[in-house]
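The exercises below are meant to be worked with the sequence and the coordinates side by side. Try each task before reading the solution that follows.

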Amino acid sequence: DPRSARDAGCLLIWGANPHASAPHAHKHWIPEFQARGKVIVIDPVAHPTAKLADLHLRPRPGSDAALAFALTHAAMAQGHLDEAFLARSVLGWEELLPAVEAATPAWGEAETGVPAAEIEEAAALYGPGPSLMWLGQGLQRQPLGGNVFRAAAMLCAATGNIGKPGAGLLFLNGGA
């Protein structure tokens, strides 16, 4: 892959609106990132940060975990799984794999309202990395919010977008 850490693959902002919650990031960090990579926003609301995104996925409220599984399925189907990272660093992947295999983009569309083509496009942008996922409080402030965070983190782990330059998982209130 010819991309370097300076040429980041993707910034995925999920359940956050930095325009309102982190204006310094909205004004400076996001545009600087877009000069070298793509920005995906996942949020049902078309807020100012979403309007800046290269791709805005709008899942039905409460369907974020299903979307995470569908994104992971699409990344896997596109060949973006990091098998070495999974074998070395992830406990329980084998138990999750049947659920990921069942979570096709078509299933994801039915569960979330996000078109299957957008799920596949997001996986293609995020999967190869290096990609950073920014998780906002919008994800945890719903029933089973902890499970939503775990499902989103699964996408990071499955694609190996953890522990390398330009990749990782960021929670609005600190590192994850």
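**Exercise 1. A helix with two sides**

Which exposed residues does the face of H7 turned away from its buried side carry?

Solution. Keep in mind throughout that the model is a predicted one. Begin with the buried side of helix H7, which spans residues 105-112 and whose buried residues are Pro105, Gly108 and Thr112. Viewed down the axis of H7, these buried residues fall within an arc of 50 degrees, so they line one face of the helix. Now turn to the face directed away from that buried side, where the exposed residues Ala106 and Ala110 are found; exposed here requires a relative accessible area over 50%. To complete the picture, look for what lies over the buried residues of H7, and the cover is found to include H4 and H8. Finally, follow the backbone just past the end of H7, where Gly113 adopts a positive phi of about 85 degrees.

**Exercise 2. The buried face of H8**

Determine which residues of helix H8 are buried, and decide how they are arranged about its axis.

Solution. Helix H8 covers residues 116-126, and within this helix Ala116, Ile119, Ala122, Ala123 and Tyr126 are buried. Seen down the axis of H8, the buried residues fall within an arc of 125 degrees, so they line one face of the helix.

**Exercise 3. Two helices in contact**

At what angle do the axes of H4 and H6 cross, and within what distance do they come?

Solution. Two packed helices are described by the angle between their axes and the distance between the axes. For helix H4 (residues 64-77) and helix H6 (residues 93-102), the axes come within 9 Å and cross at roughly 95 degrees. Angles from 65 to 115 degrees count as roughly perpendicular, and H4 and H6 are therefore roughly perpendicular to each other. The next step is to list the residues that make the contact: H4 contributes Phe69, Thr72, His73 and Met76, while H6 contributes Trp93, Leu96, Leu97, Ala99, Val100 and Glu101. Sorted by character, the residues of this contact between H4 and H6 divide into 7 nonpolar, 2 polar and 1 charged.

**Exercise 4. Strand E1 and its partners**

Is strand E1 largely enclosed or open, and which strands pair with it?

Solution. Strand E1 comprises residues 10-14, and 5 of the 5 are buried, so the strand is largely enclosed by the rest of the structure. In a regular strand the side chains alternate between the two faces of the sheet. In E1 both faces are covered, with Cys10, Leu12 and Trp14 buried on one side and Leu11 and Ile13 buried on the other. As for the partners, E1 pairs in the parallel sense with strand E2 (residues 38-42) over 5 bridges, and Leu11 stands opposite Val39 of E2. A further 5 bridges join E1 to strand E4 (residues 131-135), and these strands also run parallel. Within E4, the bridge partner of Leu11 is Leu132, and that of Leu12 is Met133.

To finish, consider the surroundings of Leu11, which belongs to strand E1 and is buried, with a relative accessible area of 0%. Apart from its neighbours within four places in sequence, Leu11 is in contact with Trp29, Ile30, Phe33, Lys38, Val39, Ile40 and Leu132.

**Exercise 5. From the cis peptide to E5**

Where does the chain have a cis peptide bond next to Pro130, and where does Pro130 itself lie?

Solution. The peptide bond from Gly129 to Pro130 is cis, with omega near 0 degrees, and Pro130 lies in the loop between H8 and E4. Gly129 can be placed relative to Leu11, since the two are 118 residues apart in sequence and their C-alpha atoms are 9.3 Å apart in space. Continuing into E4, the strand is mostly covered, with 5 of its 5 residues buried. Ser131, Met133 and Leu135 point one way from E4, whereas Leu132 and Trp134 point the other way, and all are buried. E4 also pairs in the parallel sense with strand E5 (residues 168-171) over 4 bridges, where Leu170 of E5 is the bridge partner of Trp134.

Key:
Residues are numbered from 1 along each chain as its sequence is written. This is a predicted model: local features need pLDDT of at least 70, side-chain atom pairs count only at pLDDT 80 or more; totals for chains, interfaces and linings use all residues. Side-chain values use heavy atoms; hydrogens and water are left out. Buried means under 20% relative accessible area, exposed over 50%, partly exposed in between (1.4 Å probe, protein chains only). Two strands pair if DSSP finds at least two bridges between them. The arc is that of the directions from the helix axis to the C-beta atoms. Axes are lines fitted to C-alpha atoms, for helices over the stretch in contact, and angles run from 0 to 180 degrees between N-to-C directions. Angles under 35 degrees count as roughly parallel, over 145 as roughly antiparallel, 65 to 115 as roughly perpendicular and the rest as oblique. Contact means heavy atoms within 4.5 Å. Ala, Val, Leu, Ile, Met, Phe, Trp, Tyr, Cys and Pro count as nonpolar, Asp, Glu, Lys and Arg as charged, and the others, Gly among them, as polar.
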